[in-house]
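The exercises below each set a task and then work through it step by step. Keep the sequence and the coordinates open while you follow the solutions.

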Amino acid sequence: MADQMKAEELLSAAQLNQLAEEQAMTEAKKAHEKMKLAEQSHRDMREAFMSREIRADGQHRLMTAIKHAIAIGKSEILVVQFPSDLLSDRGRRINNFESDWADTLEGFAKRAYDYYKANLEARGYKIRAQIIDYRGGKPEDVGLYLSW
């Protein structure tokens, strides 16, 4: 055993501290890179949501979804789901059931709401917004629901 101890170099406390610092730096770099990737992903998702348009076949797809919902006994469908930070107030008005919640919509959610106002409201459809996910006690995901 003593021979085995001699074969392995005994590290000093300073060397051990250096190894620990190097390990901590490596972990910090990994965490930083992961955070940068997450931030870029969020920016890309936001940009896609803000620029997304209603599809040319959107009305057909909507009617197909509604007919399917009716066939399984439902009277409402989730038409759009998105993070609350894509709202101008991060979901506060929706969370508090304020009547002017639609004023906070931006990007694709705003275009979907405008489509509802122009094409569906006069036909008796209703739209509502709801916070559907909370993380850390804060609104996270928003759903726009269409009912008939």
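**Exercise 1. Find which residue lies over the face of F108, and place that ring among its aromatic neighbours.**

Solution. Begin with the charge: R52 lies over the face of F108, at 3.8 Å from the ring centre, where a charge sits over a ring if NZ of Lys or CZ of Arg is within 6 Å of the ring centre and within 35 degrees of the ring normal. The model is a predicted one, in which local features need pLDDT of at least 70 and side-chain atom pairs count only at pLDDT 80 or more, whereas totals for chains, interfaces and linings use all residues. Residues are numbered from 1 along each chain as its sequence is written, and side-chain values use heavy atoms, with hydrogens and water left out.

Next, turn to the rings. A pair of aromatic rings is described by the distance of the centres and the angle of the planes. A search of the whole structure gives four aromatic pairs, with rings of Phe, Tyr and Trp (its six-membered ring) paired if their centres lie within 6.5 Å, and with planes under 30 degrees apart counted as stacked, over 60 as edge-to-face and the rest as tilted. The ring centres of F49 and F108 are 6.2 Å apart and their planes stand at 75°, so this pair is edge-to-face. Because F49 belongs to helix α2 (residues 13–51) and F108 to helix α5, the pair ties together parts that are 59 residues apart in sequence; helices (H or I, at least four residues) and strands (E, at least two) are DSSP runs, numbered from the N terminus.

Finally, widen the view: F49, F82 and F108 form one aromatic cluster, and both F49 and F108 are buried (under 20% relative accessible area, with exposed meaning over 50% and partly exposed in between, for a 1.4 Å probe and protein chains only).

**Exercise 2. Describe the lining of the largest pocket, and state which element gives the most to the lining.**

Solution. The volume of the largest pocket is about 490 Å³. Of its 23 lining residues, the closest to the centre are G58, L62, V79, V80 and F108. On a 1 Å grid over the protein atoms alone, a pocket is an open set of points where a 1.4 Å probe fits, with protein on both sides within 12 Å along at least five of seven lines, and lining residues have an atom within 4 Å of a point.

By element, α3 (58–71), β1 (76–83), α5 (107–120) and β3 (138–147) each supply at least two lining residues, and α5 gives the most, with six.

**Exercise 3. Compare S84 and R90: is each buried or exposed?**

Solution. Both S84 and R90 lie in the loop between β1 and α4 (92–95). S84 counts as buried because its relative accessibility is 4%, whereas R90, at 53%, counts as exposed. Leaving aside neighbours within four places in sequence, S84 is in contact (heavy atoms within 4.5 Å) with R90, G91, P139, E140, D141 and V142.

**Exercise 4. Examine the backbone phi of R90 and of F97.**

Solution. Most residues other than glycine have a negative phi. Phi of R90, however, is near 60°, a positive value, and phi of F97 is near 55°, also positive. F97 is in the loop between α4 and α5 and, at 74% relative accessibility, counts as exposed.

Terms used
Grid points are joined across faces, edges and corners, and a volume is the space filled by probe spheres set on the points.
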